Amino acid sequence: WLKRFTTPSGATHIVTQLPPQPDMMFRQAARIAARQAAVVARPAMPRAPFARSFGAVSTKVQDAVARPFPGASRAEPEMEYIEEPSMLYMTCLVASPWVFSFWFLTKYV
């Protein structure tokens, strides 16, 4: 933090300058944050009670998969269609080694 300046008489001086103090930096950050909050502040949107915040909520029940084409895809109609596994199945498949290692194997360590 060295600062060089020249006086009107032509003499050059080098002055050491202390770094900014933490309280000064905090005051400046708080001032900037307050300014930005004043610009962004807007009233909250009223929500319906017990409203769900995610999509794909349906009361319609489907027995068969509704697909407008035969086979695996439009590009490969001769291949058989294989339904994707459910989320519960995939969760159990991923979690079972963890359950085994953290529940069973910790007894023997």
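How many helices and strands does the protein have? I counted 2 helices and 2 strands. I noted at the outset that this is a predicted model.

**Entry 1. Overall layout**

I read the elements from the N terminus on, and their order is β-β-α-α. Helix α1 covers 22–40 and helix α2 covers 87–104. I then looked up burial: of the 109 residues in the protein, buried ones make up 1%. For contacts with a separation of 6 or more, I found that residues 24 or more positions apart account for 0%. The protein exposes about 11,100 Å², and I recorded that carbon and sulfur atoms supply 64% of this area.

**Entry 2. Confidence**

I looked up the mean pLDDT of the protein, which is 77. A value of 70 or more is reached by 68% of the residues. Where is confidence lowest, and where is it highest? I found the lowest mean, 76, in strand β1 (residues 2–6), and the highest, 91, in α2.

**Entry 3. Phe5 in strand β1**

I next turned to Phe5, which is found in strand β1. Its relative accessibility is 38%, so I entered Phe5 as partly exposed. Leaving aside neighbours within four places in sequence, I listed Ala11, Thr12, His13 and Val15 as the residues in contact with Phe5. For one of these, Val15, I also noted the backbone spacing: the C-alpha atoms of Phe5 and Val15 are separated by 8.1 Å, with the two residues 10 apart along the chain.

**Entry 4. The salt bridge in helix α1**

I searched for salt bridges and found that the structure holds 1. Which side chains meet in it? They are those of Asp23 and Arg27, with an N to O distance of 3.8 Å. Asp23 and Arg27 are 4 residues apart in helix α1, so about one helical turn separates them. I checked the exposure of both partners. Asp23 counts as partly exposed because its relative accessibility is 46%, and Arg27 is likewise partly exposed, at 47%.

**Entry 5. The loop between α1 and α2**

I examined two residues here, Pro77 and Ser86. Pro77 lies in the loop between α1 and α2. I recorded a relative accessible area of 39% for Pro77, which means that this residue is partly exposed. With neighbours within four places in sequence set aside, Pro77 is in contact with Pro70 and Gly71.

Ser86 lies in the loop between α1 and α2 as well. I noted Ser86 as partly exposed, its relative accessible area being 42%. Which backbone atom lies 3.2 Å from a polar atom of the side chain of Ser86? I identified this atom as the backbone nitrogen of Tyr89. Tyr89 falls within the span of α2 (87–104).

**Entry 6. A nonpolar surface patch**

I then asked which residues form a nonpolar patch on the surface. The members are Val99, Phe100, Trp103, Phe104, Leu105 and Tyr108. Together they have about 680 Å² of accessible area. I looked more closely at one of them, Phe100, whose place is in helix α2. Phe100 has a relative accessible area of 45%, and I therefore entered it as partly exposed. I also kept in mind that α2 carries the highest mean confidence, 91.

Note on methods
Residues numbered from 1 in each chain as written. Predicted model: local features only at pLDDT ≥ 70, side-chain atom pairs only at ≥ 80, totals over all residues. Heavy atoms only, no water. Buried < 20%, exposed > 50% of the residue type's maximum accessible area, 1.4 Å probe, protein only. Polar contact = N/O pair within 3.5 Å; in protein donor to acceptor, adjacent residues only side chain to side chain. Patch = residues over 30% accessible without salt bridge, like charges linked within 9 Å, V, L, I, M, F, W, Y side chains within 5 Å. Areas by Shrake-Rupley, 256 points an atom, 1.4 Å probe, with all protein chains shown as cover. Salt bridge = Lys/Arg side-chain N within 4 Å of Asp/Glu carboxyl O. Contact = heavy atoms within 4.5 Å. pLDDT = per-residue confidence, 0-100.
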